[in-house]
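User: I'm new to reading protein models and would like to take a close look at one part, then see how the parts around it fit together. Could you walk me through it?

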Amino acid sequence: MYSHGRLALPDGDLTYVPGFFSDPVSDRLLSNLSATVRWTQPRITIFGKQVGSPRLAAWYGDRESVYCYSGLANQPLPWFSELLEIRHRVQQYTDLTFDGVLLNFYRTGQDSMGWHSDDEQELGENPVIASVSLGASRRFLLRHRSSNHLPVHEVTLEHGSLLLMRGPTQKNWRHCVPKMRNQDSPRLNLTFRRIN
């Protein structure tokens, strides 16, 4: 049903599944989620200054799934139908369970995500991050934490795609979503996680 591939990533485990959701389903989910999610613009600290995050975000999940990142303790908002629909498909495909989802809304190509790893303590030793992309295609870059001779890897995350990061990926790699010129269309990203 899906055209998928495991990507060659030393010290990591990455699988990209384009067309995980059909275009009509992806269009519906993008429209409904953009309007329904309770978006906020988190305040983050950069060089000692408090600034607005360069994207909008929201954390949804089971009641006990409090998620701490960037110095913020995020209390989960309750699941609603579209999020449960996406989670069900992702869990079916991965044969895993997820109790929370971090949503990021990139309003234009000027919204971005800096270099980081999803390696917070509550995600456990080798977390599985299941990332669904809706809307405009964006570049997703990966850079090894310690082996400077390894090249930066790039994946274009397309509308309706799924990216799975497993095993030691978060321990060994950082990733980012850089700014893009001449990109006026929004992108919505859902990263499903399991809080230990």
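In strand 14, which residue is the bridge partner of His144?

Analyst: Happy to help! This is a predicted model, where local features need pLDDT of at least 70 and side-chain atom pairs count only at pLDDT 80 or more, while totals for chains, interfaces and linings use all residues. Residues are numbered from 1 along each chain as its sequence is written, and side-chain values use heavy atoms, with hydrogens and water left out.

The bridge partner of His144 in strand 14 is Trp173. Strand 11 (residues 138-144) and strand 14 (residues 173-177) run antiparallel and are joined by four bridges. Helices (H or I, at least four residues) and strands (E, at least two) are DSSP runs, numbered from the N terminus. Two strands pair if DSSP finds at least two bridges between them.

Now step back to the sheet around them. Four strands form an open, antiparallel sheet in the order 9-14-11-12. Strand 9 (113-116) and strand 12 (153-157) each have a single partner strand, so one side of each has no neighbour in the sheet. From one strand to the next, the twist averages 15°; such angles run from 0 to 180 degrees between N-to-C directions, with axes fitted to C-alpha atoms, for helices over the stretch in contact.

There is also an open sheet of seven strands, paired antiparallel in the order 1-2-13-10-15-8-5. Its edge strands, strand 1 (5-7) and strand 5, each pair on one side only. Six bridges join strand 10 to strand 15, and in strand 15 the bridge partner of Gly135 is Arg187. Helix 2 packs on this sheet, and its direction makes about 55° with that of strand 15. Contact here means heavy atoms within 4.5 Å.

Let's look at that helix. Helix 2 (residues 81-94) has 14 residues and reaches 20 Å from its first C-alpha to its last, close to the 20 Å expected; the expected span is 1.5 Å times one less than the number of residues. Glu82, Leu83, Ile86, Arg87, Val90 and Thr94 are buried in helix 2. These residues lie on the same side of helix 2 because they cover an arc of only 130° around the axis, the arc being that of the directions from the helix axis to the C-beta atoms. On the other side, Ser81 and Gln92 are exposed. Buried means under 20% relative accessible area and exposed over 50%, with partly exposed in between (1.4 Å probe, protein chains only). Among the partners of the buried residues are helix 1 (23-36) and strand 8 (100-106).
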